[in-house]
Amino acid sequence: MITLDIFADPVCPWCFIGKARLDRALAQRPNHPFQRAWQPFELNPTMPPEGMARADYLQAKFGQDGAAKMHVQLLEIAEAEGYDFHPERVTHQPNTRDAHRLLHWAGLEERQEDVMEGLLAAHWRDGRNIGDATVLCEVAEAAKMDPRLVERLLASDADIDTIVAKEAHARERGINAVPSVVVANAHLVSGAQPTELWLQVIDELSGAPSDATQH
């Protein structure tokens with residue numbers, strides 16, 4: 001198996017789109033050689049623990065015109081590619097450190113795929129606050145983790161240092177945006193790359209003809 005270390009933050013819309021595109025490629029190549037490992041990278045590590053109103057966040061980061069253009073662009077991509085994506089439902093910009101802690105624990109139980117999917121769905125489809133412990137416990141339970149254990153861990157400082165250290169190491173390696181995918185600990189693929197690119201990568205690594213239309 002070839003490891004894909006995916007540096008992502010579930011509140012990043014491009015991470016939602018990037019995962020959906022990669023999912024489609026992997027589904028079309030069921031014998032693919034990849035094993036995904038979701039790595040922490042907080043877009044806003046200084047976000048207050050309680051988060052903030054998303055409208056205020058977007059205004060401060062992009063300005064009114066920039067936020068509106070990005071919103072339209074994302075909706076056009078989601079509609080064209082058929083994703084269940086509803087950024088208009090997101091009213092709160094959360095602190096995601098606890099979400100990354102949950103992903104870390106999910107990795108120990110080999111439940112990361114379900115947890116990341118649950119976090120993205122909660123935020124981008126349902127507009128829920130994934131900085132809230134109750135929401136995180138529900139995501140964990142849906143992924144067949146023990147919600148009572150997760151609740152106790154979230155109430156503690158468990159693995160905060162681990163998340164901070166992993167993010168610092170990622171920045172030292174030159175990763176400064178998400179999604180960023182490190183293939184086999186050697187090759188960096190940045191951004192929400194199209195499904196066709198991942199199909200080509202899989203075919204090249206497996207020795208199959210590089211034909212993105214192959215099914």
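**Sheet and helix packing in the predicted model**

Strands β5 and β6 form a hairpin in which three residues lie between the two strands, and A184, located in the turn, has a positive phi of about 55°. The description given here refers to a predicted model. Strand β5, comprising residues 180-183, runs antiparallel to β6 and is joined to that strand by four bridges. Within this pairing V181 stands opposite V189 of β6, and V183 stands opposite H187, again in β6. In general, the side chains of a regular strand alternate between the two faces of the sheet.

The hairpin belongs to an open sheet of four strands, arranged in the order β2-β1-β5-β6 and with mixed pairing. The edges are occupied by β2 (34-40) and β6 (187-190), each of which pairs on one side only. From one strand to the next, the twist of the sheet averages 25°. Two helices that pack on this sheet may be described in turn. Helix α4, which spans residues 112-125, packs on the sheet through contacts with β1 (2-8) and β2, and the direction of α4 makes about 55° with that of β2. Helix α8, formed by residues 195-206, also packs on the sheet, where it touches β1, β2, β5 and β6, and its direction makes about 130° with that of β2.

Helix α8 also takes part in a packing with helix α1 (residues 13-28), the two axes coming within 8 Å and crossing at roughly 40°. Because angles under 35 degrees count as roughly parallel and those of 65 to 115 as roughly perpendicular, α1 is classed as oblique to α8. The crossing in which α1 passes α8 is right-handed. On the side of α1 the contact is made by R21, L22, R24, A25, L26 and Q28, and on the side of α8 by T195, W198, L199 and I202. Divided by class, this contact between α1 and α8 contains six nonpolar, two polar and two charged residues.

A further helix pair is formed by α3 (residues 97-108) and α5 (residues 133-142), which pack at an angle of about 20° with their axes 10 Å apart. Because an angle under 35 degrees counts as roughly parallel, α3 is described as roughly parallel to α5. The crossing of α3 and α5 is right-handed. In this contact D98, A99 and L102 of α3 meet L136, V139 and A140 of α5, and the residues involved divide into five nonpolar, no polar and one charged.

At the level of the whole protein chain, the secondary structure comprises eight helices and six strands, and the elements follow one another from the N terminus as β-α-β-β-α-β-α-α-α-α-α-β-β-α. For a chain of 215 residues, a compact globule would be expected to have a radius of gyration near 17 Å, and the 17 Å computed for the protein chain agrees with that expectation. Taken along the principal axes, the C-alpha atoms of the protein chain fill a box of roughly 50 × 40 × 35 Å.

Technical notes:
Residues are numbered from 1 along each chain as its sequence is written. This is a predicted model: local features need pLDDT of at least 70, side-chain atom pairs count only at pLDDT 80 or more; totals for chains, interfaces and linings use all residues. Side-chain values use heavy atoms; hydrogens and water are left out. Two strands pair if DSSP finds at least two bridges between them. Axes are lines fitted to C-alpha atoms, for helices over the stretch in contact, and angles run from 0 to 180 degrees between N-to-C directions. Contact means heavy atoms within 4.5 Å. Angles under 35 degrees count as roughly parallel, over 145 as roughly antiparallel, 65 to 115 as roughly perpendicular and the rest as oblique. A crossing is left-handed if the near helix is turned anticlockwise from the far one by less than a right angle, and right-handed if clockwise. Ala, Val, Leu, Ile, Met, Phe, Trp, Tyr, Cys and Pro count as nonpolar, Asp, Glu, Lys and Arg as charged, and the others, Gly among them, as polar. The radius of gyration is taken over C-alpha atoms; the globule rule is 2.2 Å times the number of residues to the power 0.38.
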